Amino acid sequence: MNAMTSTPFRCTVTPNTGGRTDAERDAVLADPGFGRHFTDHMFLAEWTPETGWADARVVPYGPLSLDPATAVLHYAQEIFEGLKAYRHADDSVWCFRPEDNAERMQRSAHRLALPELPTDWFTGSIEALVAADAAWVPSGEETSLYLRPFMFASEAFLGVRPSQHVTYSVIASPAGAYFPGGLKPVDIWLSEEYSRAGAGGTGAAKCGGNYASSLLPQQEATRNGCQQVAFLDSVEHRWVEELGGMNLYFVQADGSIVTPELSGSILEGITRSSIITLAADLGHDVVERRVSIDEWRDGVADGTITEVFACGTAAVVTPVGRLKWDGGEAVSADGDAGKVTHEIRSALVDIQYGRAEDRHGWMTRVA
Ligand code: PLP
Ligand code: COI
């Protein structure tokens, strides 16, 4: 669909005069949790074929009013992103690889027949919102401001065709650990009945529909005492793809590190891609290839696989404790994260929090 025909990014700001007091904000920042609290402002812009992207604005955070016929409510023409702003020791605020999120959102937009948002609009929207809500970026250990850009079909009509009115928004949420246990290993449920995505489908796009279809298997995971669900490919039900909201890594006994190759139905995670680079910097061989579910099960049992971890913006690097399925389990960590998982997590978060040199030029100052 119509790509980059918008005017240069310029944004108005309407301050929220009824926002939270300093004391109310401090109470939230002291224990933010994940995705429970939102800042005082939001970003909005709209697209039509006639105007391209227009009317960039930061406004007080508040509800959107939607006609009941709004296309997204019926056909789920929607995409989103997730990235974080980190406060450094000198109080400056930085984002990690925001252009990569912009480009992934453009690929998602293409797949969902939505208009692509130019990269300068994406980064401009992030900078404008973080500038307005800079006081909401927490400074506690391993906390951040989680940013959620999203785009949806906002035309009111019932025919099935791409919407001719599209809304782009960014909201922000102060965040602590995604998993309440912190670095404690999480247990994963193997979904044997459901797949997350199929060949030719939307698995490589970050669209809401993928997450809707993961909720039933995620409920199954929760019922079985697991925090996340692992999906296999939809054809052979044999090849490991990813978790509901994270990519996967397997550490081998020889120190090499394997991650499932991008099959077209896996989300191309920015954390996944950063770990490929960082693990190589640390001297590990990194291999992207197919990993079968038998290799995972047998590998942790016979010691060929020494550590398993999940990664993503929300999850950062999280050790996997057990893989469970109907009738069995395979334990890869009991009690604590493995050495390589720790090493890779530190290499990543030290860059994100400004404690290590940004050798790959991944950080962008936003406030
Ligand atoms: N896979 C899925 C399905 C996700 O939702 C996410 C989270 O964004 C990831 C992988 C990891 O991607 P990233 O590292 O870009 O956050
Ligand atoms: C993210 O990591 O940003 C995601 O979108 C995944 C979701 C589980 C919060």
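**Exercise 1. Determine which atoms of the protein make polar contacts with ligand 2, and how much of the ligand is buried.**

Solution. Step 1: In this predicted model, an N or O atom in the side chain of Lys 206 is 2.8 Å from an oxygen atom of ligand 2. A polar contact requires a pair of N or O atoms within 3.5 Å.

Step 2: Tyr 146 also takes part, with a polar side-chain atom 2.6 Å from an oxygen atom of ligand 2. Ala 314 contributes through its backbone, where a polar atom is 2.9 Å from an oxygen atom of the ligand.

Step 3: Taken alone, ligand 2 exposes 280 Å², and the protein buries 89% of this area.

**Exercise 2. List the residues that surround ligand 2 and divide them by class.**

Solution. Step 1: The surrounding residues are Phe 80, Gly 82, Tyr 146, Arg 148, Tyr 178, Lys 206, Gly 245, Thr 313 and Ala 314.

Step 2: By class, this shell has 4 nonpolar, 3 polar and 2 charged residues. The charged class comprises Asp, Glu, Lys and Arg; Arg 148 and Lys 206 stand in the list of surrounding residues.

**Exercise 3. Describe the surroundings of ligand 1, from its polar contacts to its shell.**

Solution. Step 1: A polar side-chain atom of Glu 242 lies 2.5 Å from a nitrogen atom of ligand 1. Thr 313 places a polar side-chain atom 2.6 Å from an oxygen atom of this ligand. In Ile 270, by contrast, a backbone N or O atom is involved, 2.8 Å from an oxygen atom of ligand 1.

Step 2: On its own, ligand 1 has 380 Å² of accessible area, of which the protein covers 96%.

Step 3: The shell around ligand 1 has 17 residues, and those that come nearest are Arg 104, Tyr 211, Glu 242, Thr 271 and Thr 313. Two or more residues of the shell come from each of strand E11 (240–243), helix H6 (270–281) and strand E15 (305–312).

Step 4: The classes in this shell are 6 nonpolar, 7 polar and 4 charged.

**Exercise 4. In which space do ligands 1 and 2 sit, and what lines it?**

Solution. Step 1: Ligand 1 takes up space in the largest pocket, and the space taken by ligand 2 is the largest pocket as well.

Step 2: This pocket holds about 590 Å³ of space. It is lined by 34 residues, and those closest to its centre are Tyr 146, Arg 148, Lys 206, Tyr 211 and Gly 245.

Step 3: Strand E7 (144–153), strand E8 (166–175), helix H5 (208–223), E11, H6 and E15 each give at least two residues to the lining. Helix H5 supplies the largest share, 4 residues.

Step 4: The lining consists of 16 nonpolar, 13 polar and 5 charged residues.

**Exercise 5. How many cavities of 30 Å³ or more does the structure hold, and what lines the largest cavity?**

Solution. Step 1: Rolling a probe the size of a water molecule over the atoms reveals where empty space is left. The structure holds 1 cavity of 30 Å³ or more.

Step 2: The volume of the largest cavity is about 110 Å³. Among its 13 lining residues, Tyr 86, Phe 96, Thr 271, Thr 313 and Gln 352 are the closest to its centre.

Step 3: Strand E5 (83–87), H6 and helix H8 (339–352) are the elements that give two or more residues to this lining. Strand E5 gives the most, with 3 residues.

Step 4: The lining of the largest cavity divides into 6 nonpolar, 6 polar and 1 charged.

How values were computed:
Residues are numbered from 1 along each chain as its sequence is written. Chains are lettered from A and ligands numbered from 1 in the order in which they are written. This is a predicted model: local features need pLDDT of at least 70, side-chain atom pairs count only at pLDDT 80 or more; totals for chains, interfaces and linings use all residues. Side-chain values use heavy atoms; hydrogens and water are left out. A residue is near a molecule or strand if one of its heavy atoms lies within 4 Å of it. A polar contact is a pair of N or O atoms within 3.5 Å; within protein, one must be able to donate a hydrogen and the other to accept it, and residues adjacent in sequence count only if both atoms are side-chain atoms. Accessible areas come from the Shrake-Rupley method with a 1.4 Å probe; for residues, only the protein chains shown count as cover. On a 1 Å grid over the protein atoms alone, a cavity is a set of points where a 1.4 Å probe fits but cannot get out, and a pocket is an open set with protein on both sides within 12 Å along at least five of seven lines; lining residues have an atom within 4 Å of a point. A molecule sits in a cavity or pocket if more than half of its atoms lie within 2 Å of its grid points. Grid points are joined across faces, edges and corners, and a volume is the space filled by probe spheres set on the points.
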